[in-house]
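Good morning, everyone. Please take a moment to look at the structure on the screen before we begin.

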Amino acid sequence: MIELSPERLFGRRKGRPLRQRRVRLMEELLPTIEITVPATGKVIPESFFPSSMRDIWMEIGFGGGEHLAAQAVVHPEVGFLGCEPFINGVASLLAHIDTQKLNNIRIYPDDARHILDALPEASLGRCFVLFADPWPKKRHADRRFIGKENLDRLARTLKPDGEMHLATDVESLALWMRERVEEHPSFVCLYDSTTPPVDWVPTRYEQKGCAAGRQSTYMIYRRA
Ligand SMILES: C[S@@+](CC[C@H](N)C(=O)[O-])C[C@H]1O[C@@H](n2cnc3c(N)ncnc32)[C@H](O)[C@@H]1O
C-alpha cells in the first residue's frame, strides 16, 4: 500500500464481528471485485470492468453501501468505484452486490486518497463524498476529507465538466465545505440547497440524521 505521510486516516476500520454470510462474502466475493493499488504507477479504471462502461463514478466513504448499490442499479452502464476502509461497511456493500447481482461495482477497501493518487488525470465523471466528515469540532478540522489537498486530488481526477456531489448534516460543516470548495479555482457551483436534488438517492447516515431532526445540505460542483 502507498504510504501517505504525514496524513492519517481517522475513523474506525472494524466494528462488530461479521456474521457468517458476510465473512463468506469477504472471503469469496471481495477478491473478485477488489481494486489493488500498486505502490507506484497508475491504475486504469476501465480495465476493472469486463465490458466497456459509459463512464466511471466514484463514491468516497460509502459507509454501508446503500447509496452506492442504489446508484449502480439506476446506472447499469456506469462503472462504480467504492472506497471505504471500514470493513463492516465493505461487508455490507458486498451483501447488497450479492443480493442484487450487481456487476458494475468495484471496491477499494481502504483510504480513498491512495486510489485517487493512482488514477490517471481526468478519469472520473462523478465523485460522491456524502456525510464523510463527522468532525464538527474546530480542533478536528484537519481530519476532514474536504480540504485543499483532497480537493486538488479531486480536481486532478475529475474530467472537465465532471461533478463532485457533497452532503453534510452539520450546518457549520456545510459552511466549511462551501468555503473550501469556493476558494479552489477548479470548481463551479451547480447546486447548493437544503432540498435534495431531484434524482437524489438517500444514504443511511442521512436517513438517521433526518430521523433525529437534522437538516442536510446538498451541493454539486462542476469541474471547470
Ligand atoms: C459518517 S460515515 C457516512 C457513510 C455514508 N456515506 C452514508 O452517508 O451513510 C463516513 C464514512 O466515510 C469513511 N471515510 C472517511 N475518510 C475516508 C477516506 N479517506 N477514504 C475512504 N473513506 C473514508 C468512513 O470510514 C465512514 O464510513
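Which element gives the largest share of the shell around the ligand? The answer is H8, which contributes three residues. Please keep in mind that what you see is a predicted model.

Let us stay with the ligand for a moment. There are 23 residues around the ligand, and those that come nearest are Gly 61, Gly 63, Ala 112, Thr 203 and Tyr 205. Two elements give two or more residues to this shell, namely helix H5, residues 112-118, and helix H8, residues 204-211. As for the character of the shell, 13 of its residues are nonpolar, five are polar and five are charged.

Where in the chain do these residues come from? To answer that, we need the domains. The chain is divided into domain 1, which covers 24-120, and domain 2, which covers 121-136 + 155-224. Each of domain 1 and domain 2 provides at least three residues of the shell around the ligand.

Next, I turn to the way the two domains meet. Their C-alpha centres lie 20 Å apart. In the contact, 17 residues of domain 1 are matched with 15 residues of domain 2. On the side of domain 1 that touches domain 2, strand E1, residues 55-60, and helix H3, residues 66-74, each supply at least two residues. E1 gives the most to that side, with six residues. Sorted by type, the residues on this side of domain 1 are nine nonpolar, five polar and three charged.

Helix H3 also leads us to our last topic, the packing of two helices. In general, two packed helices are described by the angle between their axes and the distance between the axes. How do H3 and H4 cross, at what angle and within what distance? The axes of H3 and helix H4, residues 87-100, come within 9 Å and cross at roughly 30 degrees. Angles under 35 degrees count as roughly parallel, and H3 and H4 are therefore roughly parallel to each other. The crossing in which H3 passes H4 is right-handed.

Which residues meet there? From H3 we have Glu 66, Leu 68, Ala 69 and Val 73, and they meet Leu 93, His 96, Ile 97 and Gln 100 of H4. The residues of this contact divide into five nonpolar, two polar and one charged.

To close, I return to the ligand: its shell draws at least three residues from each of the two domains, and H8 supplies the largest share. Thank you for your attention.

Methods. Residues numbered from 1 in each chain as written. Predicted model: local features only at pLDDT ≥ 70, side-chain atom pairs only at ≥ 80, totals over all residues. Domains from an automatic or database assignment. Contact = placed C-beta atoms within 7 Å. Helix = DSSP H or I, 4+ residues; strand = E, 2+ residues; numbered from the N terminus. Nonpolar A, V, L, I, M, F, W, Y, C, P; charged D, E, K, R; others polar. Axes fitted to C-alpha atoms, helices over the stretch in contact; angles between N-to-C directions. Parallel < 35°, antiparallel > 145°, perpendicular 65-115°, else oblique. Left-handed = near helix turned anticlockwise from the far one by under 90°. Near = placed C-beta within 6 Å.
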